[in-house]
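Hi,

Here is the structure I promised to send over. Have a look at it first, and then read on for what turned up when I went through the helix packing and the cavities.

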Amino acid sequence: MAEPDAPRVALLVTCLVDMIRPAIGFASVRLLEAAGCTVHVPRQTCCGQPNWNSGDRAGAQALARTMIAAMQGYDYVVVPSGSCAATVIKDYPAILAGEPEEAAARDLAGRTHEIVSFLTDVRGVEGVEAQLSARATYHDSCSGLRSLGIKEQPRRLLASVAGLELAEMEDAEVCCGFGGTFCVKYPEISNKMVSNKAGNIAGTGADLLLAGDLGCLLNMAGKLSREGRGVSARHVVEVLAGETETPPIGEA
Amino acid sequence: MSALHPTTTRFRQNSREALANRNIQAAMSHAQSGFVAKRAAARAALPEFDAIRDAARDLKNEVLRNLGTYLEAYEARVTAAGGHVHWAETAEDARRIVLEICQQAGAKRVNKGKSMISEECGINDHLAAHGITAQETDLGEYIIQLRGEMPSHIIAPAVHVTVPEVEAEFRREHSHLDAGRSLAELPDLLAEARGVLRERYFQAEVGITGANMLVAETGQSVIVTNEGNGDLSQSLGRVHIVMASLEKIVPTLEDAATVLRVLARSATGQEATVYTTFSSGPRRAGDPDGPEEYHVVLLDNGRTNMLGTEFEEMLRCIRCGACMNHCPVYQAVGGHAYGWVYPGPMGAVLTPSLIGLEEGRNLPNASTFCGRCESVCPMRIPLPGMMRAYRAREFDRGLTPGAARWGLGAWRAVASRPRLYGAVSRLANFGLKLLAWGGARLRWMPLGAGWTDHRDFAAPPLGGTFQSQWKGPR
Ligand code: SF4
C-alpha cells in the first residue's frame with residue numbers, strides 16, 4: 001500500500017497501550033498505513049513522564065535517552081496519546097537541557113506527533129473509511145488539548161465515520177481526574193473529578209465515550225462501569241480505523 | 001488554620017473532610033460555573049485580550065528585573081505627597097508596624113477593606129490581642145469574620161459558604177433587626193450587611209486596605225472593589241494604612257490601565273469592577289475629604305528570595321483568582337483544604353515559596369497538571385511547570401515519600417532496559433489477566449485500592465503486550 005518514498009513512521013506505543021490495550025496500537029498502525037506511511041515499531045519502553053512529573057529529573061533523563069535511542073532514524077514518531085506525545089514534544093528539550101543529548105531531544109521533539117493531529121495536520125487526511133452506528137461523546141484529554149492544541153481534529157475525522165453521531169458533553173475540556181499517579185495519590189479528589197465527568201458523559205445520552213488517551217479512558221471507563229452507566233469506552237483511533245472487533249475497554 | 005498556624009501538611013485529611021462536607025460541596029458547585037462562563041464571555045468580547053495579556057506579562061517582567069529601582073521611585077513619590085512608606089521584611093514586622101500606627105492614632109476600631117496581605121500577616125488577631133477591633137467591610141470578608149474563618153478564595157472569600165448558612169449567621173449576629181425579615185437572596189444579605197456596617201464606618205479611627213497595584217510613576221495605590229467598601233474604609237478614618245506586597249508595583253499609570261483591562265475580566269468577567277480607586281496620599285489643603293495620615297506597609301515576607309529562581313514568574317500574579325476558578329482540584333475541595341492563606345494553583349506555588357517546602361510540599365503535588373490554570377492566567381504564569389519544579393526540589397532534598405521514591409527508581413531501572421521492560425510488561429499484562437480471573441475488569445488490585453475503591457480497572461484482553469504481538473518492521 002505504501003509508496004517507495006512513503007515516510008517511515010515509528011509508532012511510540014506507550015506503556016499503557018502496550019500492556020493493557022494492544023488494539024489501540026494495531027488501530028494506529030492501520031490508520032498510518034492508510035495515510036501512506038510505512039510503520040515500524042522499534043523496541044521501546046516508557047517516555048519517562050511518571051518520573052518527570054514526580055520531580056525525578058535524573059530518572060526522566062535516563063528514560064528520555066532510552067527513547068531517543070529507540071526512535072533514531074525515522075521520519076516521524078507518532079503516539080496514540082496526547083499526554084506521552086506532549087512529554088516528548090514539550091518536555092524532552094527541558095529534561096535534557098544542558099545535557100549532551102539536548103540537540104537530539106529537540107530533533108526528536110520536532111519529529112514527534114500525536115496520532116490524530118498527525119493524520120490531519122501532517123498527512124492531510126480529511127476523512128476515514130469507517131462505519132459504526134453509535135451515539136458518541138468525546139472527552140478532550142488535557143495534554144492533547146492544552147499542550148498540543150488538539151480539539152477540532154478528532155471531531156473532524158469522527159464526522160466522517162458513517163453512522164456515528166457525536167454529542168458534546170458539558171465541560172468536555174475539564175480534567176477527568178486521572179493525572180497519572182495523582183489518581184492513586186489523591187484517590188478521593190480523583191474520584192470526585194471522575195464522578196463529575198461520568199455524570200457529564202451520561203448526560204449526553206451517548207452510548208460510547210471516546211478520547212485520545214488510554215490513561216483517561218481507563219479512569220472514565222472504570223467509573224462508568226462501577227456506576228453501571230451503560231456507556232462503553234474506546235480510544236478514538238479504534239473507531240477511526242474501524243477496529244471494533246475487540247470489545248470496548250473493560251468489557252468482554 | 002490561621003496565617004500563623006497552617007494546616008498545609010494535612011492537605012489530604014483536609015480535602016477528605018471538605019469532600020464529605022455537604023455545604024462546601026453545594027457552595028462550590030454553585031459558584032464555579034458562573035466564574036468560568038463569565039470569564040469566557042469577557043474574553044470572547046475583547047479580541048485583543050491575549051495581546052493585552054502579553055503586554056501585562058511583559059510589563060511585570062520589566063518590574064521584576066528592576067524591582068529595587070521602581071520601589072525607590074515609588075517611595076519617593078509617596079513621601080513627596082506627604083505619605084509614609086514602611087518596609088516590612090517579615091509578617092511579624094508588618095504586624096508591629098501596623099499596630100504602632102494604630103496605637104499612635106489612638107485607635108480602638110479599625111475598618112478594613114479586603115486585603116490578602118493583611119490575612120497573610122494575621123493582622124486582625126494581632127490587633128485584637130492589643131485591644132483593637134478590626135472590622136471587615138467586604139461582604140465576603142464580613143461573613144467569614146463572623147464565622148471565625150480565613151478566606152477560602154482570594155477574591156471571593158466566602159465562596160465556600162451557602163446562602164442559608166449566611167442567613168443563619170446574620171440572624172444570630174444581627175439580633176436587633178426584625179426577625180421576620182427576608183434574607184433568602186444575595187441582595188438581601190448585601191443590603192443588611194451594608195446597613196450594619198454603615199454605622200461602623202464612622203466609628204473607626206483607622207482604615208486598612210490592600211492594594212491591587214502600586215504605581216511607581218505617581219506614588220498611587222490602586223484598589224478595585226464591587227461594593228465600595230474599600231473607599232469608605234479608607235476615606236472616613238483619620239488614618240489610611242495600605243498593606244501591599246512589594247511586587248504589586250507597576251511602572252506607570254498606563255501600565256496600571258493595561259493590568260486593569262485583564263484583571264476584572266479574568267476574575268469576574270466584568271470589563272471593570274464597579275469601583276477602581278486611586279489613592280495619592282493624605283488629604284491636601286483644599287481637598288474636601290481624605291485621611292490625615294497615609295501609610296504604606298510594603299511586605300516582603302520571602303518574595304525577594306524568589307527573584308532569580310525558577311519561581312520568579314509567580315511574582316507577576318495579580319490575584320485575579322482565575323486559576324482557582326478553573327482548577328478542578330480547587331473546585332473539588334475548596335480553599336481551606338490548602339491550609340494556608342493562598343489556595344488553588346497560585347497557592348500551590350506561592351505557599352511553599354513563602355512558608356517553606358517542608359510545610360507546603362503537599363500543595364504542588366495535588367495537581368493533575370491539567371494545565372487549565374496556566375491557560376487562563378492573565379499573566380501567563382506557568383503554574384504547572386512551577387509545581388513540577390517544587391516536586392523536583394522535594395525529590396532532590398529527599399522529601400519525597402519512600403515508597404514513591406522506590407517506585408520511581410524501580411521504574412527507571414526497568415524502563416531504561418528495553419529487554420527487561422519487555423519481560424516485565426509481559427508479566428504485568430499476564431498478571432492483570434490472572435487477577436481478573438479471565439474477566440474483562442478488576443474490582444480490586446493489590447496496591448491499587450486507591451483506584452479500585454472508586455472504579456473498576458480494565459484487564460487486558462488475551463494475547464500479550466502489543467510489542468510481543470507485533471510482527472512487522474522494527
Ligand atoms: S496565578 Fe494567574 S490566574 Fe492565578 S491569581 Fe495569579 S494572575 Fe490570576
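**Helix packing and cavities**

In chain B, α9(B) and α10(B) are roughly parallel to each other, because their axes cross at roughly 30° and angles under 35 degrees count as roughly parallel. Bear in mind while you look that this is a predicted model. The two helices cover residues 163-173 and 186-201 of chain B, and their axes come within 11 Å. Their crossing is left-handed. On the α9(B) side, the contact is made by B:Val163, B:Val166, B:Glu167 and B:Phe170, and α10(B) brings B:Leu189, B:Glu192 and B:Ala193. Sorted by type, these residues come out as five nonpolar, no polar and two charged.

Next, a pair that spans both chains. Helix α4 of chain A (residues 57-70) and helix α20 of chain B (residues 402-415) have axes that come within 9 Å and cross at roughly 15°. That angle makes α4(A) roughly parallel to α20(B). Here, too, you'll find a left-handed crossing. Which residues make the contact? From α4(A) they are A:Ala58, A:Gly59, A:Ala62, A:Leu63 and A:Thr66, while α20(B) supplies B:Trp411, B:Arg412 and B:Ala415. The split for this contact is five nonpolar, two polar and one charged.

α4(A) also packs within its own chain, against helix α5 of chain A (residues 82-95), at an angle of about 115° and with the axes 10 Å apart. The crossing of α4(A) and α5(A) is left-handed as well. α4(A) takes part through A:Arg57, A:Ala60, A:Gln61, A:Leu63, A:Ala64, A:Met67 and A:Ile68, and α5(A) through A:Tyr92, A:Ala94 and A:Ile95. If you're following A:Leu63, note that it is listed in the contact with α20(B) and again in the one with α5(A). The α4(A)–α5(A) contact divides into eight nonpolar residues, one polar and one charged.

Now for the cavities. How many cavities of 30 Å³ or more does the structure hold? There are three, and the largest has a volume of about 130 Å³. Its lining runs to 17 residues, and those nearest the centre are B:Cys327, B:Pro345, B:Ala366, B:Ser367 and B:Met387. Three elements of chain B give two or more residues to that lining: α14 (328-333), α15 (344-355) and α18 (372-376). α15(B) gives the most, with three residues. By type, the lining of the largest cavity is made up of twelve nonpolar residues, four polar and one charged.

Cheers

Note on methods. Residues are numbered from 1 along each chain as its sequence is written. Chains are lettered from A and ligands numbered from 1 in the order in which they are written. This is a predicted model: local features need pLDDT of at least 70, side-chain atom pairs count only at pLDDT 80 or more; totals for chains, interfaces and linings use all residues. Side-chain values use heavy atoms; hydrogens and water are left out. On a 1 Å grid over the protein atoms alone, a cavity is a set of points where a 1.4 Å probe fits but cannot get out, and a pocket is an open set with protein on both sides within 12 Å along at least five of seven lines; lining residues have an atom within 4 Å of a point. Grid points are joined across faces, edges and corners, and a volume is the space filled by probe spheres set on the points. Helices (H or I, at least four residues) and strands (E, at least two) are DSSP runs, numbered from the N terminus. Ala, Val, Leu, Ile, Met, Phe, Trp, Tyr, Cys and Pro count as nonpolar, Asp, Glu, Lys and Arg as charged, and the others, Gly among them, as polar. Axes are lines fitted to C-alpha atoms, for helices over the stretch in contact, and angles run from 0 to 180 degrees between N-to-C directions. Angles under 35 degrees count as roughly parallel, over 145 as roughly antiparallel, 65 to 115 as roughly perpendicular and the rest as oblique. A crossing is left-handed if the near helix is turned anticlockwise from the far one by less than a right angle, and right-handed if clockwise. Contact means heavy atoms within 4.5 Å.
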